[in-house]
Amino acid sequence: MGNRHKITDLNAWLSGEHRPPLRGQAWLAILVPIALIVPNIALCITEDMSWLTALANVLFPLGVYALIMSSWRRVGLATWLCFPFMFFGAFQIVLLFLYGGSIIAVDMFLNVLTTNVNEATELLANLVLAMGVVIVLYVPLLVWATVVLVKRKRATSRFMRAYRRVAKPLCLVGTLTLGAALLWSPDFAVLDDLFPVNVCHNLGLAVGRFQDSQNYPETSRDYTFHAVHAPTDTVDREVIVLIIGETSRAENWQLMGYDRATNPRLSRVEGLVAYPKALTQSNTTHKSVPMMMSSLTASTFGDSINRVKSVITAFREAGFHTAFLSNQQRNRSYIDYFGEEADRCVFLKDDGQEHLDQDLLPLFNEELSDTVNKLKFIVLHTYGSHFRYRDRYPAEYARFTPDDAIDARASNRDRLINAFDNTIVYTDNVLSEIVKAIETQGCRAVMVYGSDHGEDIFDDERGRFLHASPSPTAHQLRVPLLVYYKDDAMETRRTAPPEMEETADALSLESPRLAALMENAGKVVSPSEVVFHTLLDAARISTPVFNPRLSLFNPSYATPPLLYLTDRNQAVPLLESGLKPQDLPLLPK
């Protein structure tokens, strides 16, 4: 009987049977929990939940929110105390529009810390619908709460007592449901599956990782490769180049089998080997690039990233002059620290301006023209195909049109693909200019190009866009990988008179290192594993961490188990990374 009277009491308030009528601040106290529970309801639809875990995901948080709002008569203050939950809710709603599922992951928070203002502005400006939902859902409540707070208005004691009489049983029912989910759903874990508890946990992990990265100069201070260079009698100059691409997916490269002519210049380059079956071990820049630049892989990244140094230090120890030239913005990540290991480190965007990747070419040519240092290792970090695609290339490279999509939505996919393909055409030009400059040098040279990750561009019914989602897709994992090799035999072929053409052809075919590169072109490879070892092998640098079995110059290279580095920095088999049935046909066999 008592509970019936309590509920009737609140019903009377809601129906206006009592005087004075329900005041504005009382309505605010009721509406805040309703708005806060919207992301939970959405996640129940998008995520693979049992009915019991879905019920727990709604009832328990709703009870907690109602209990918070019923604890203070100053409803404006209570609303602002719930602001962190509103922030998480807004963030979650935007991610659901982008990825169609998944909670706010650790990497999402780290991406916020490592994304520059221009990138964030470009992205949010193209998420009009998501931003509209967030604004309508939360901004009026915060404005309302501010007005109530400034005017020092309070809800009546009678209403708050009635509110608590409903909030407490609701919280109890939610707690019991949560307990039942933990008992009968073995895969359910509060820290992983209950929103927003899981998000708060992920935020804590992200803060810890960010602190680790800030301590990196100290934790890696004593690391050494003990690297040694083995020179040859026939070569006194060597140029080794690593080019790190950005957001470039293999399926849009002509060299990887695409039916559009996105690589008109590179397709004609002698000594260039393409690897169409390359898969990255991470769909995030702040993980994939450090793996390419170091001996780390998905299996060792989480335990060792704050202790090791990059391939740049290995080359420096071996006597090479090193340079790191970047068209990315500094973001206090491990990539910045790795770049600063070089003898010369340049971030173009330190001047506060936006640059195209071709602006790296003058700096690259300066390094090549240096006649003092015979051994050179140069790293270029490009901006590649990062969204917004149309801003990444000059107008003269707009081979595929129309390419003027304004909003990131599925109906604009054709225009987005045109713009994305144009970024590949432009990358083709930049890489070709680098090869052209290398060919003018009378020395052995190796250039390795690999992209950090790919991108979703509304490719199927899932409607997913961009990258770095907690669960990857094949579009995000398949990346272009190229190796250009120039040795003495190839040089002889270029300079041989007509009567020696057959001899020159034979010499070029007898290059065992080029032959090994070509033999491995049909194998599944991961830039996260092979780039580091291929670069050391190219320069004949030995170090205890060098693994010849992971070099593309090794004719005995065999594909290791395919792994993926999860949001929690765990290495899992690729097929357990969250890929869906739509992804499997796109993976290399």
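## A nonpolar patch on the surface

Ile135, Val139, Val143 and Val147 together make a nonpolar surface patch of about 310 Å², where a patch joins nonpolar side chains (Val, Leu, Ile, Met, Phe, Trp, Tyr) within 5 Å, taken from residues with over 30% relative accessible area and no salt bridge, that is, no side-chain nitrogen of Lys or Arg within 4 Å of a carboxyl oxygen of Asp or Glu. Accessible areas come from the Shrake-Rupley method with a 1.4 Å probe, and for residues only the protein chains shown count as cover. Val147 lies in helix α9 (residues 128-150), and this residue counts as partly exposed because its relative accessibility is 40%, between the limits for buried (under 20%) and exposed (over 50%).

## The model and the chain

This is a predicted model, in which local features need pLDDT of at least 70 and side-chain atom pairs count only at pLDDT 80 or more, while totals for chains, interfaces and linings use all residues. Residues are numbered from 1 along each chain as its sequence is written, and side-chain values use heavy atoms, with hydrogens and water left out.

The protein chain holds 24 helices and 13 strands, which are DSSP runs numbered from the N terminus (helices are H or I with at least four residues, strands E with at least two). Of its 589 residues, 56% are buried, and the chain exposes about 24800 Å², of which carbon and sulfur atoms supply 58%.

## A sheet of seven strands

Seven strands form an open sheet with mixed pairing, in the order β3-β10-β7-β2-β6-β4-β5, and two strands are said to pair if DSSP finds at least two bridges between them. The edge strands, each pairing on one side only, are β3 (272-274) and β5 (344-347). From one strand to the next the twist averages 10°, with angles running from 0 to 180 degrees between the N-to-C directions of axes fitted to C-alpha atoms, for helices over the stretch in contact (heavy atoms within 4.5 Å).

## Strand β10 and its surroundings

Strand β10 (residues 481-486) runs antiparallel to β7 (residues 444-451), and six bridges join them; one partnership links Val446 with Tyr485 in β10. With β3, strand β10 pairs in the antiparallel sense over three bridges, and there Ala274 has Leu482 as its bridge partner.

Because six of the six residues of β10 are buried, this strand is largely enclosed by the rest of the structure. Leu481, Val483 and Tyr485 point one way from β10, whereas Leu482, Tyr484 and Lys486 point the other way. Helix α24 (residues 527-539) lies across β2 (238-245), β6 (375-381), β7 and β10, and runs at about 165° to β2.

Conventions
Patch = residues over 30% accessible without salt bridge, like charges linked within 9 Å, V, L, I, M, F, W, Y side chains within 5 Å. Buried < 20%, exposed > 50% of the residue type's maximum accessible area, 1.4 Å probe, protein only.
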